[in-house]
Amino acid sequence: MAKFRDIIKYYDRYRVAVIFSIAAASIFEIIDLVVPYATGQILNVLSGQPLDNAIENAIAAIVNLIKLPQNRLSSLAVLMTVIFLVTVVRAPIQVWSTWWFHWDIAFRARRDHFKETIAKILTLPLEFYDENNPGRIAGKIARGLENHTFTYPEIAGQMIPKLFRVLGIFVVILLIEWRIAIVFLISFVVILSYTLKDLNKLMEQEKRLDKYMENTQSRNSEIITNIKTVKAFATEPLEFKRQKQRLDREFKVLDYRIHLGYIKLGTFRTAFVQFCVFAILGLTLAATVKGQISLGHFLTTLTVSSMAYAELEPISNLAEIFTRRYASMLGYHELMQQPIGVDAASLVETGSAYSFTGKIEFSNVTFGYDTNRPVLQDVNLLIEPYQTVALVGRSGSGKSTLVKLLFRYFDPNQGRILIDGQDIITLDVGNYRRRLAIVHQEVDVFNGTLLENLRYGNQSASFQQVEEACRIAKLDDVIRTLPEGYYTVVGERGVRLSGGQRQRLGIARALLVEPDVLVFDEATSSLDYESERLIQLAMRSIQGTRTTIIIAHRLSTVREADKIVVLDQGRIVEVGSHDELLRHEGIYRRLHSLQETGELLS
Ligand SMILES: Nc1ncnc2c1ncn2[C@@H]1O[C@H](COP(=O)(O)OP(=O)(O)OP(=O)(O)O)[C@@H](O)[C@H]1O
């Protein structure tokens, strides 16, 4: 669970600049109080009333030092010089020692934490992405980082210095008339404690709102991703209705609870502040009439206390803004606290690359996503170098899971997976994976040119290598028909490739990595006959050049494999060549008969 402390720690690495800039901003806020004080003293000079002793002595010393005559004019000159120094001279110094740092820290923190967030995204386990949709994750990151960026200058640059200013004001009033200072202090304690108590309650509502908003955004992102299904099932009214209900639910919390809460708080605060200002006016006036304080002190007290009460409004507003953003900032930290996966690869390329013959051994492998429900049980399988092995079996029998374990997306609960005799757990995961390649059923296409997509796994592949890979993958004919050949933009903002074309792109991309082990995960399942044939031809020309694992539902794709492995309920139940398995009265024969004749053998 993320805590308030995590929000503070976000700025920890800029500690020196943080302390310096907050201290500078606070000092300037306090120095600002010299102006009403000096103005009060000027009023005393003008009205012939005595100056404060300390000021009188200080002026005398300065006047002596610069050899001026002791009179009203020289007193006024000294006081004006002080005002000039703390206003005109201060202004540019203040900008550079405060504003510059407040935003500079916020921007640096954004850049640094964004980098860490990207590292986190790249290292979170696959199951995290199974459980959280992209909209939810992206929204959490965007809101969290943005709110941190804008909150820092407000809190460090305004709220904290303003609190110091209020403290300074209290001291000034205390020096002038302690009774007024006590009234001032009590009023502040009442207002601030009431505000904090209310904000605490509102924070809970903000957290609730943040959850609701996250759900709405997450569904929005799902609608966008699955828009074809939405349209095909004509569920637009249903989706629209559900989202409207979610928005109404958000609105109720936002308007009737949160907004109303802030309005009630604001009502109390402004009314109470006005009452306090009036009370201070009355008390100061009474003290002046009784001759307890001078006319100058009357003016100073009134001015500084109005200044203090005027600060209450922005301080409370900033506290409110912080409260509104608090939940989303915590949400961001919760994401950042997610443990990285066992499958997390290093984010910097380490020099020493592996090279394997492609001998793979699954030795007594048992695995379950939930350890109590094994998906693979006691799997033993030996794949010799350059062999082509097909994994077949009913849906849910564990074929893809076996490949996920090979890629180290998960580790077995029991048993080991060896490559060239080495347990894959002992290898550097990034370097190990660089020796494998996979062609999924759905090939991801990145927005960019075809060439960039082909070189995705091997940026240094030469153009000839790319052409050769495309020839083997039977993609070269497609490229010739594209307007700009290899430089045609494909993906999000470019030419849309058909399913078969994407598959062939996936194969060429995988080949360019020159993998020791190549996996086809249902690469032909969703294709028409012609595309399937092309892919099968491509696969055939790859056979024997490296270890190849083919997961296929269509048995026509696996006929020529050296070894066909039949999985059933997480166990290997049959192993053999196509002909051998047909002779055996088992699952393979039944599946084959079903696909050939549509008849299910008993
Ligand atoms: N990320 C996951 N979390 C939990 N269970 C999962 C996950 N992925 C798969 N499973 C479960 O593991 C079992 C095996 O799934 P797997 O995808 O390996 O089967 P498969 O043989 O490849 O199926 P298909 O041919 O339909 O793709 C299934 O019961 C499935 O529900």
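How much of the chain is helix, and how much is strand, over residues 19-324? The model I am presenting is a predicted one, and over that stretch the chain is 91% helix and 0% strand. The C-alpha atoms at the two ends of the stretch are 25 Å apart. In the unreviewed UniProt entry, residues 19-324 carry the annotation "domain: ABC transmembrane type-1".

The unreviewed entry also annotates residues 76-101, 166-194 and 271-289 as "transmembrane region". I shall comment on two of these segments. Residues 76-101 are 100% helix and 0% strand, with 36 Å between the end C-alpha atoms. Residues 271-289 are likewise 100% helix and 0% strand, and here the end C-alpha atoms lie 27 Å apart.

Let me turn to the sheet. Which strands form it, and in what order? It is an open sheet of six strands, ordered β6-β9-β10-β3-β11-β12, with mixed pairing. At its edges are β6, residues 436-439, and β12, residues 571-576, each of which pairs on one side only. On average, neighbouring strands of this sheet are turned by 20° against each other, direction ignored. As a general reminder, the strands of a sheet pair through backbone hydrogen bonds, either parallel or antiparallel.

One pairing may be taken as an example. Strand β11, residues 563-568, runs antiparallel to β12, and five bridges join the two. Among the residues involved is Asp568, whose bridge partner in β12 is Arg571.

Two helices that pack on the sheet deserve mention. Helix α12 touches β3 (388-393), β9 (517-521), β10 (547-551) and β11. The direction of α12 makes about 145° with that of β10. Helix α17, residues 499-512, touches β6 and β9, and its direction makes about 175° with that of β6.

Finally, the ligand. Which residues surround it? They are Glu127, Asp130, Tyr369, Val375, Gly393, Ser395, Gly396, Ser397, Gly398, Lys399, Ser400 and Thr401. Two elements give two or more residues to this shell, namely α6 (126-131) and α12 (399-406). The largest share, three residues, comes from α12. In character, the shell divides into two nonpolar, seven polar and three charged residues.

Helix α12 therefore links the last two parts of this talk, because α12 packs on the sheet and also gives the ligand shell its largest share of residues.

Terms used:
Residues are numbered from 1 along each chain as its sequence is written. This is a predicted model: local features need pLDDT of at least 70, side-chain atom pairs count only at pLDDT 80 or more; totals for chains, interfaces and linings use all residues. UniProt positions are given in the numbering used here, feature names are shortened, and annotations may be inferred rather than shown by experiment. Helices (H or I, at least four residues) and strands (E, at least two) are DSSP runs, numbered from the N terminus. A residue is near a molecule or strand if its C-beta atom, placed from the backbone, lies within 6 Å of it. Ala, Val, Leu, Ile, Met, Phe, Trp, Tyr, Cys and Pro count as nonpolar, Asp, Glu, Lys and Arg as charged, and the others, Gly among them, as polar. Two strands pair if DSSP finds at least two bridges between them. Axes are lines fitted to C-alpha atoms, for helices over the stretch in contact, and angles run from 0 to 180 degrees between N-to-C directions. Two residues are in contact if their C-beta atoms, placed from the backbone, lie within 7 Å.
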